[in-house]
Amino acid sequence: MTDAPAPSPRRRTLSVDDYVAGVRSGDRAVIARAITLVESRKPAHRELAQEMLVRLLPHAGAAHRVGITGVPGVGKSTFIEALGKHLTGSGHKVAVLAVDPTSGRSGGSILGDKTRMTDLGQDENAFIRPSPSAGTLGGVARATRETMVVVEAAGFDVVLVETVGVGQSEVTVADMVDMFMVLMLPGAGDELQGIKKGILEIADMLVINKADGDNKDRAQRAAREYKGALHILQQADPDWSPRVLTCSALVEQGIDEVWGTVKEHRQALEAAGSFERKRAGQQVRWMWAMVRDRLIGALEGHPEVKALVPELEAAVVDGDTTPAVAATRILEAFGLDHA
């Protein structure tokens with residue numbers, strides 16, 4: 001008779017003190033568990049996470065926060081790995097986070113990127129965290145913002161926030177970082193026509209990647225065209241004129257100039273007194289975003305509202321009532337006056 005296999009030991013439940021001490025000491029296992037805690041939607045976990053975040057907040061905020069997006073095929077993961085390796089080689093500690101609201105439907109790309117970032121993923125001074133595996137943009141963004149507090153409190157002094165989704169996720173990322181960087185391909189032409197004006201308006205830096213070999217001349221021409229395009233747009237920050245750089249992440253050329261420009265951007269904003277104002281404004285806007293998300297969640301989960309919605313939606317579709325009247329009835333069911 002063989003002995004039954006021993007049951008696997010259960011993980012010890014961590015207290016707020018355990019989380020704070022583990023994060024502050026740089027314990028990677030505790031850091032990972034702390035991030036899982038802030039990603040959880042369970043009320044008890046959310047309460048514990050907020051207690052932890054309040055304790056960690058005084059130790060966060062000093063890091064460079066850089067948002068990175070890019071057109072398809074631009075080599076974003078290669079660029080992030082090259083930049084991350086450059087930074088860790090210079091003594092920095094780098095965290096790579098992702099905002100991917102599409103991951104629940106498509107599987108997203110950050111896990112593939114993490115696999116491709118082999119060297120950076122094995123670097124003891126780097127930490128790569130995929131976005132939550134499912135959820136709305138608001139939920140994923142909340143988790144990413146709170147994860148930033150955790151990794152900064154753990155001593156990571158550069159946080160790279162990658163936007164994997166498109167459209168509104170880019171705007172969301174731009175409003176949680178200090179600098180927003182857009183990666184482009186050489187050979188402007190059609191690409192320039194295809195760039196969304198809104199993305200150019202929130203960009204602090206355009207980086208033309210793959211500027212090597214036969215692409216060098218095309219990259220330089222593209223840089224001139226992008227500079228012209230940026231010149232006629234209203235810049236996102238009155239204290240900073242967006243820069244256009246070229247680089248090759250593959251052969252690691254121009255990466256140091258990119259990082260130098262990130263530092264120059266922060267120095268310019270700090271000198272003008274707008275850096276702290278920008279951070280403070282982001283926090284206040286985030287507070288109201290959280291309020292809106294919680295209100296919408298409470299509204300949609302309200303029993304009387306849930307019972308009423310199918311009837312009202314059908315009435316609106318059939319033209320039996322107006323959207324405004326239906327909205328008023330929903331708000332009244334929720335307990336709000338329509339005045």
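How many of the 339 residues of the chain count as buried? The share is 45%, where buried means under 20% relative accessible area, exposed over 50% and partly exposed in between, with a 1.4 Å probe and protein chains only.

Before you start clicking, note that this is a predicted model, in which local features need pLDDT of at least 70 and side-chain atom pairs count only at pLDDT 80 or more, while totals for chains, interfaces and linings use all residues. Residues are numbered from 1 along each chain as its sequence is written, and side-chain values use heavy atoms, with hydrogens and water left out.

**Stop 1: the whole chain.** Switch on a cartoon view and you will find 16 helices and seven strands; these are DSSP runs numbered from the N terminus, helices being H or I with at least four residues and strands E with at least two. Now add a surface: the chain exposes about 17,600 Å², and carbon and sulfur atoms supply 54% of that. Accessible areas come from the Shrake-Rupley method with a 1.4 Å probe, and for residues only the protein chains shown count as cover.

**Stop 2: strand E5.** Select residues 179-184. Six of the six residues of this strand are buried, so E5 is largely enclosed by the rest of the structure. Show the side chains: Met 179, Met 181 and Leu 183 point one way, and Phe 180, Val 182 and Met 184 the other. In a regular strand the side chains alternate between the two faces of the sheet.

Next, add the neighbours, remembering that two strands pair if DSSP finds at least two bridges between them. Strand E1 (residues 64-70) runs parallel to E5 and is joined to it by five bridges, with Val 66 opposite Met 179. Strand E6 (residues 205-208) is also parallel to E5, through four bridges, and there Leu 206 is the bridge partner of Val 182.

**Stop 3: Ile 80.** Move to helix H4 (residues 76-89), where Ile 80 is found. Ile 80 is buried, at a relative accessible area of 1%. Leaving aside residues up to four places away in sequence, its contacts (heavy atoms within 4.5 Å) include Ile 68, Val 96 and Leu 120. Try a C-alpha distance to Leu 120: 9.0 Å, across 40 residues of sequence.

**Stop 4: Arg 145.** Finish in helix H8 (residues 137-153), which holds Arg 145. What is the relative accessible area of Arg 145? The value is 11%, so Arg 145 counts as buried. Beyond residues up to four places away in sequence, Arg 145 touches Thr 172, Asp 175, Met 176, Gln 282 and Trp 286.
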